[in-house]
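User: I'd like to go through this model with you piece by piece. Could you start by showing it?

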Amino acid sequence: MAKAKVIKLHQSSCTPPLPVTQPYLPSADKYMHYVAKAFDNKWITNGGPLLTELTDRLKEYLGVKHLLLVNNGTSALQLAYHIKGLKNKTVATTPFTFPATLTALTWADANVHLSDIQKDSWNLSAKAVLDDMETQDIDAIVPVNIFGVPCELEEFDQIGQAHNIPIIYDSAQSLLTKYKGKSIFDYGDIHCISFHATKLFHTCEGGALVFKNKEDLERAERLINFGIQELGEVHDPGINAKMSELHAAMGLCTLDDLPMLIENRQQSVERYHKLLANLVEFQTTTYDCDVPPMYMPVKFSSVEELEAVERNLAGNGFMARRYFYPGNHKFMTQKHCELPNNRNATDKILCLPLMHNLSKQHIHSIVKIINKTLIQ
Ligand SMILES: Cc1ncc(COP(=O)(O)O)c(C=O)c1O
């Protein structure tokens, strides 16, 4: 690519700047409809009626039995790692993820082993993990369904069963993902989900765990409340990871409006795909899956192209974001960290603006800037 020229679109620049995403906010009236119930109940935390309502509705919506709501996705990861006893164990995971996947492992005193990702899905490669297992003892695997695209769920289940090790999914970004027409929650031992404000379904801050085993759910229910048991004793020390009624109220609003939120973002994703088809690469998989329209990642052919596009978008008021850059392996101590597919992904993937209220005009302006940058 020749030295990049600065591109300025006079008519369609965005002021104030458009962020990469924006949280969905219901009307204040709608939120207050639920909050008023908390006031009437005089109950704002510790397993109140709104939390129960949200738990029941989510269980039905997702078709899962063992769901526990918590205060954020990072707590969900910490609880899962604690429940599966990962202290001083070696855990294979992906470098192409949000830092919390890995920082929560270090908090659990686990040893992090990074294996490479797949070229097309940008997810942890089951083959790379198996290859690494030939020379390294691995006690658990934490795959991440990155940008909502499911991992090789069947392959990881097979590895888990063959080696008798837990598979814990960081499903922070994949609440609504389907794999071969089935729920992703049918696979693995535990899924950890984030309901952060930027997610398609959110509770401002919040998260959830989905367990295969009822015993793990029951233990987690105690652990999120300091480990206190029915008679007030603590035998298994826990933490405070409870979701409040006010957060559950936001979740109930978002759940009411979820079909509309999905539809709006889906239209934007389809428009981006159509207009960018010959300019960039998209995340793909070899198997059938439904991916929720949560992010709009695109891959450029070089880091120079990506940086020129990012600069020109910012110059016109559109804030794109390089997720997972400069790369988690930079701050891990592991020696063999030159993982080629990960390097390729971290260098060349940029997330374009995506939110429920993104206009057709915004997308056309963004694509025009990308087009002009790449063809100059
Ligand atoms: C892959 C991944 N893991 C973990 C987290 C942490 O979740 P939270 O922000 O709810 O703590 C996030 C949050 O965005 C995430 O995307």
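Analyst: Before we start, contact here means heavy atoms within 4.5 Å, while helices (H or I, at least four residues) and strands (E, at least two) are DSSP runs, numbered from the N terminus. The model is predicted, so local features need pLDDT of at least 70 and side-chain atom pairs count only at pLDDT 80 or more, whereas totals for chains, interfaces and linings use all residues. Residues are numbered from 1 along each chain as its sequence is written, and side-chain values use heavy atoms, with hydrogens and water left out.

User: OK, what covers the buried residues of α4?

Analyst: The cover includes α3 (73-83), β2 (90-93), β3 (111-114), β4 (140-142) and β5 (168-170). In α4 itself, which spans residues 100-107, the buried residues are A100, T101, L102, A104 and L105, where buried means under 20% relative accessible area, exposed over 50%, and partly exposed in between (1.4 Å probe, protein chains only).

User: And how exposed is T106?

Analyst: T106, which also belongs to helix α4, is partly exposed, with a relative accessible area of 38%. Its C-alpha is 9.7 Å from that of N88, and the two are 18 residues apart in sequence. Just after the helix, D109 takes a positive phi of about 60°.

User: Switching to α9, which residues are buried there?

Analyst: In α9 the buried residues are E305, L306, A308, V309, N312 and L313. They lie on the same side of the helix, because they cover an arc of only 165° around the axis, the arc being that of the directions from the helix axis to the C-beta atoms. On the other side of α9, E304 and R311 are exposed, and what covers the buried residues includes α10 (340-348), β12 (349-351) and α11 (360-375).

User: What span does α9 reach?

Analyst: Helix α9 (residues 303-315) has 13 residues and reaches 18 Å from its first C-alpha to its last, close to the 18 Å expected at 1.5 Å a residue; the expected span is 1.5 Å times one less than the number of residues. Just after it, G317 has a positive phi of about 85°.

User: What about the loop after that, where is P326?

Analyst: P326 is in the loop between α9 and α10, and the peptide bond leading to it from Y325 is cis, with omega near 10°. F324 lies in that loop between α9 and α10 too, with a positive phi near 60°, and counts as buried at 8% relative accessibility. For context, most residues other than glycine have a negative phi, and most peptide bonds are trans.

User: Now the strands: which strand is joined to β1?

Analyst: Strand β9 (residues 207-211) runs antiparallel to β1 and is joined to it by four bridges; two strands pair if DSSP finds at least two bridges between them. L68 stands opposite L209 in β9. Both faces of β1 (residues 67-70) are covered, with L67 and L69 buried on one side and L68 and V70 buried on the other.

User: Last thing, how many cavities of 30 Å³ or more turn up?

Analyst: The search of the whole structure finds two, a cavity being a set of points, on a 1 Å grid over the protein atoms alone, where a 1.4 Å probe fits but cannot get out. The largest has a volume of about 70 Å³, a volume being the space filled by probe spheres set on the points, which are joined across faces, edges and corners. Its lining residues, meaning those with an atom within 4 Å of a point, include V20, T198, Y323 and C351.

How values were computed: 1 Å grid on protein atoms, 1.4 Å probe; cavity = no way out; pocket = protein on both sides within 12 Å on 5 of 7 lines; lining within 4 Å.
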